[in-house]
Amino acid sequence: MYATGDLSTAAAVACAGAAAWFSGGPYSGARRAHLLLAGGGVVGIGPPAWQDLALALRGLRARWRPEWWAPVAGVALAVLGASVLPVVVGAAAVPLLRRMRRAAEARRAGERRGDAVIALCASLAGEVRAGRQPGEALQRAARDSGGLGEARAAVLAAARFGGDVPRALAVAARQPGAGGLLGLAACWRVAVDQGAGLAAGLDRLEGALRAERDQREDLRAQLAGPRTTAVMLACLPALGLLLGAALGADPLHVLLHTASGLGCLLVGGLLQGAGVGWVLWIVRSAEAVGDG
């Protein structure tokens with residue numbers, strides 16, 4: 001019975017010691033006071049080694065890119081299959097995956113810019129209805145919206161000093177996703193040259209841009225099926241390798257160390273790329289028709 005009590009006491013002491021160490025270790029109070037008085041910034045709750053490791057992992061995660069998983073997977077397959085071919089393929093896939101990632105980022109940036117143009121039209125219409133002059137209204141509306149993008153300074157300068165605002169808007173419309181600024185330039189030109197109501201034209205332009213965005217989103221939802229098919233086609237080879245390994249075969253050895261396996265790998269890779277490319281071409285063609 002005494003032995004049980006001694007074990008319980010020892011376990012409690014060990015747990016308390018572990019808790020004290022992970023909460024800052026010995027002298028944690030002195031170290032925190034020193035960091036606070038020295039202006040050391042945010043004080044962590046763990047030992048400095050753990051804090052440094054956490055900071056390093058956070059920085060690595062911030063700099064990590066999805067395409068870097070390709071060489072990692074290539075190295076893993078090279079170790080499992082005892083061949084350098086997966087490393088070469090993984091390294092060759094990095095530029096292609098980087099291009100796909102940048103294209104996706106550009107598409108998302110264009111969509112955000114298109115939403116900002118719609119918000120700019122709505123804000124500008126409200127400012128004009130409030131009784132402000134078009135130049136002042138555009139300056140106020142541009143502060144709350146990023147629809148002008150990199151050409152914001154040129155457009156605002158033209159609006160402030162009486163420059164050619166439609167021309168500046170046309171230049172800004174060359175940015176991806178900012179095509180709605182061409183309609184804004186047309187509304188501005190008609191309102192200034194012919195005295196038409198700018199707010200009414202902006203309302204119609206905003207409605208048209210919103211309808212176009214909704215149509216594009218509906219089309220993207222309808223194309224979710226073909227996109228899923230492309231993803232499934234891309235994952236089928238990995239699934240086949242896992243099934244072969246589960247059945248007791250050695251698919252990596254056959255594919256990487258035999259002539260017939262290398263031939264099957266080459267033909268299968270070409271057919272795989274052709275299938276995925278064909279599905280993506282169908283999706284892009286449908287999106288281009290919808291945009292048109």
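The following dialogue works through helix packing, the nonpolar core and selected buried residues in a predicted model.

Student: How are the axes of helix α4 and helix α5 oriented, roughly parallel or roughly antiparallel?

Tutor: The axes of α4, residues 69-81, and α5, residues 85-129, come within 7 Å and cross at roughly 170 degrees. Angles over 145 degrees count as roughly antiparallel, and therefore the arrangement of α4 relative to α5 is roughly antiparallel.

Student: How do the residues of the contact of α4 with α5 divide into nonpolar, polar and charged?

Tutor: On the α4 side the contact is made by A70, P71, G74, V75, L77 and A78, which meet P86, V87, G90, A93, V94 and L97 in α5. Glycine is counted as polar here, and the residues of this contact divide into ten nonpolar, two polar and no charged.

Student: Which element gives the largest share of the largest nonpolar core?

Tutor: This core has 34 residues, and those with the most contacts inside it are L124, L169, L181 and L184. The elements that give two or more residues to the core are α5, α6, α7, α8, α9 and α10. Leaving aside residues up to four places away in sequence, L184 touches L120, L124, L169, L202 and L205. The largest share of the core, seven residues, comes from α5.

Student: Is E206 buried or exposed?

Tutor: E206 lies in helix α10, which spans residues 198-222. Apart from neighbours within four places in sequence, E206 is in contact with I118, C121 and A122. Its relative accessibility is 15%, and because the cut-off for burial is under 20%, E206 counts as buried.

Student: How far apart in space, C-alpha to C-alpha, are G81 and L256?

Tutor: G81 lies in helix α4 and is buried, with a relative accessible area of 6%. Not counting residues up to four places away in sequence, G81 touches L252, L256 and H257. Although G81 and L256 are 175 residues apart in sequence, their C-alpha to C-alpha separation in space is 7.1 Å.

Student: How many disulfides does the count come to?

Tutor: A disulfide requires a pair of cysteine sulfur atoms within 2.5 Å. For C121, which counts as buried at 0% relative accessibility, the nearest cysteine sulfur is that of C187, 7.5 Å away, and C121 is in no disulfide. C264, by contrast, is exposed, with a relative accessible area of 53%. Over the model, the count of disulfides comes to zero.

Note on methods: Residues are numbered from 1 along each chain as its sequence is written. This is a predicted model: local features need pLDDT of at least 70, side-chain atom pairs count only at pLDDT 80 or more; totals for chains, interfaces and linings use all residues. Side-chain values use heavy atoms; hydrogens and water are left out. Axes are lines fitted to C-alpha atoms, for helices over the stretch in contact, and angles run from 0 to 180 degrees between N-to-C directions. Helices (H or I, at least four residues) and strands (E, at least two) are DSSP runs, numbered from the N terminus. Angles under 35 degrees count as roughly parallel, over 145 as roughly antiparallel, 65 to 115 as roughly perpendicular and the rest as oblique. Contact means heavy atoms within 4.5 Å. Buried means under 20% relative accessible area, exposed over 50%, partly exposed in between (1.4 Å probe, protein chains only). A nonpolar core is a set of buried Ala, Val, Leu, Ile, Met, Phe, Trp, Tyr and Cys residues joined through side-chain atoms within 4.5 Å.
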